[in-house]
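Trainee: I am new to this structure and would rather understand one part of it well than skim the whole. Please choose a single place, look at it closely, and then show me how it fits with what surrounds it.

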Amino acid sequence: PVPAAFVEADSPKLGVDTINFAFDDEWVLSPSVTPEITTVGATAQRRFPAVHLRACVSRRPIFILLNVAAPSSIISILSLTTYFVPPEDTADRLNLSITILLTAVA
C-alpha cells in the first residue's frame, strides 16, 4: 500500500450548483458545502483517508401540503356526498363509496 494524505487548501472554495438542481420544487439546497477530512477503515491497521462533504438540504412544506394533504382532504370531504344519495338507492351509494375509497387508496 502507498501512504496517502489529504492536504487542506488555505481557503477552499467549495459550493453547490443550485441552478441546475432538479428537485428545487420540493427541496431547498444550501449553496455551501462543509468538508471534513477524516480516515475510514475496518480496523486500526487498515485506515484510509476520506473526505466527508456536508450540504444542508431542507424540505419545502408547501410541496407536501399541495401534493398530499390537499388531495386527501378533498377526497375525504367528497366521502360525505354518499349521504346525499337517497337511502333507497343502496347500489348507487355503495358504488359511490367504493369509488371514493379506491380514489383515496390510489
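Mentor: Let us begin with the word contact, which means here that heavy atoms lie within 4.5 Å. The model is a predicted one, in which local features need pLDDT of at least 70 and side-chain atom pairs count only at pLDDT 80 or more, whereas totals for chains, interfaces and linings use all residues. Residues are numbered from 1 along each chain as its sequence is written, and side-chain values use heavy atoms, with hydrogens and water left out.

The place I would choose is Glu26, which sits in the segment before β1, the strand of residues 27-40 (helices, H or I with at least four residues, and strands, E with at least two, are DSSP runs numbered from the N terminus). Leaving aside residues up to four places away in sequence, Glu26 touches Ser58, Arg59, Arg60 and Phe63. With a relative accessibility of 17%, Glu26 counts as buried, because that word is used for values under 20%, while exposed means over 50% and partly exposed lies in between (1.4 Å probe, protein chains only).

One of the neighbours of Glu26 deserves particular attention, since the side chains of Glu26 and Arg59 meet in a salt bridge with an N to O distance of 3.0 Å. This pair links distant parts of the chain, with Glu26 in the segment before β1 and Arg59 in strand β2 (residues 48-59), 33 residues apart. The term salt bridge stands for a side-chain nitrogen of Lys or Arg within 4 Å of a carboxyl oxygen of Asp or Glu. Side chains of opposite charge can pair when their charged atoms come close. The two partners differ in their cover, for Glu26 is buried at 17% relative accessible area, whereas Arg59 counts as partly exposed at 43%.

How many salt bridges does a search of the whole structure find? The search finds two, and the other pair is Arg54 and Glu36, whose side chains meet with an N to O distance of 2.8 Å. Here too distant parts of the chain are linked, as Arg54 belongs to strand β2 and Glu36 to strand β1, 18 residues apart. Glu36 is partly exposed, with a relative accessible area of 31%.

From that pair we can follow strand β1 a little further, because the strand offers residues with various degrees of cover: Val33, which is found in strand β1, is buried at a relative accessible area of 17%, whereas Ile37, which also has its place in strand β1, is partly exposed at 38%. Val33 touches Leu14, Gly15, Val16, Leu53 and Arg54, once residues up to four places away in sequence are set aside. Its neighbour Leu53 is 20 residues away from Val33 along the chain, yet their C-alpha atoms are separated by 6.4 Å. Pro31 also belongs to strand β1, and with the same omission of residues up to four places away, Pro31 touches Gly15, Val16 and Thr18. The C-alpha atoms of Pro31 and Val57, which are 26 residues apart along the chain, are separated by 9.5 Å.

Stepping back, we can place these details in the protein chain, which has two helices and two strands, arranged from the N terminus on as β-β-α-α. For a look at the helical part, take Ile75, which lies in helix α1 (residues 61-78) and is buried, with a relative accessible area of 18%. Ile75 touches Ile100, Thr103 and Ala104, again without counting residues up to four places away in sequence. Ile75 and Ile100 are 25 residues apart in sequence, and from C-alpha to C-alpha they are 6.9 Å apart in space.

Two totals set the background for Glu26 and the other residues we have visited. Of the 106 residues of the protein chain, 8% count as buried, and Glu26 is one that meets the limit, at 17% relative accessibility. Among the contacts in the protein chain with a separation of 6 or more, 34% are accounted for by residues 24 or more positions apart, and the pair of Glu26 and Arg59, 33 residues apart, gives you one place to look at such a link.
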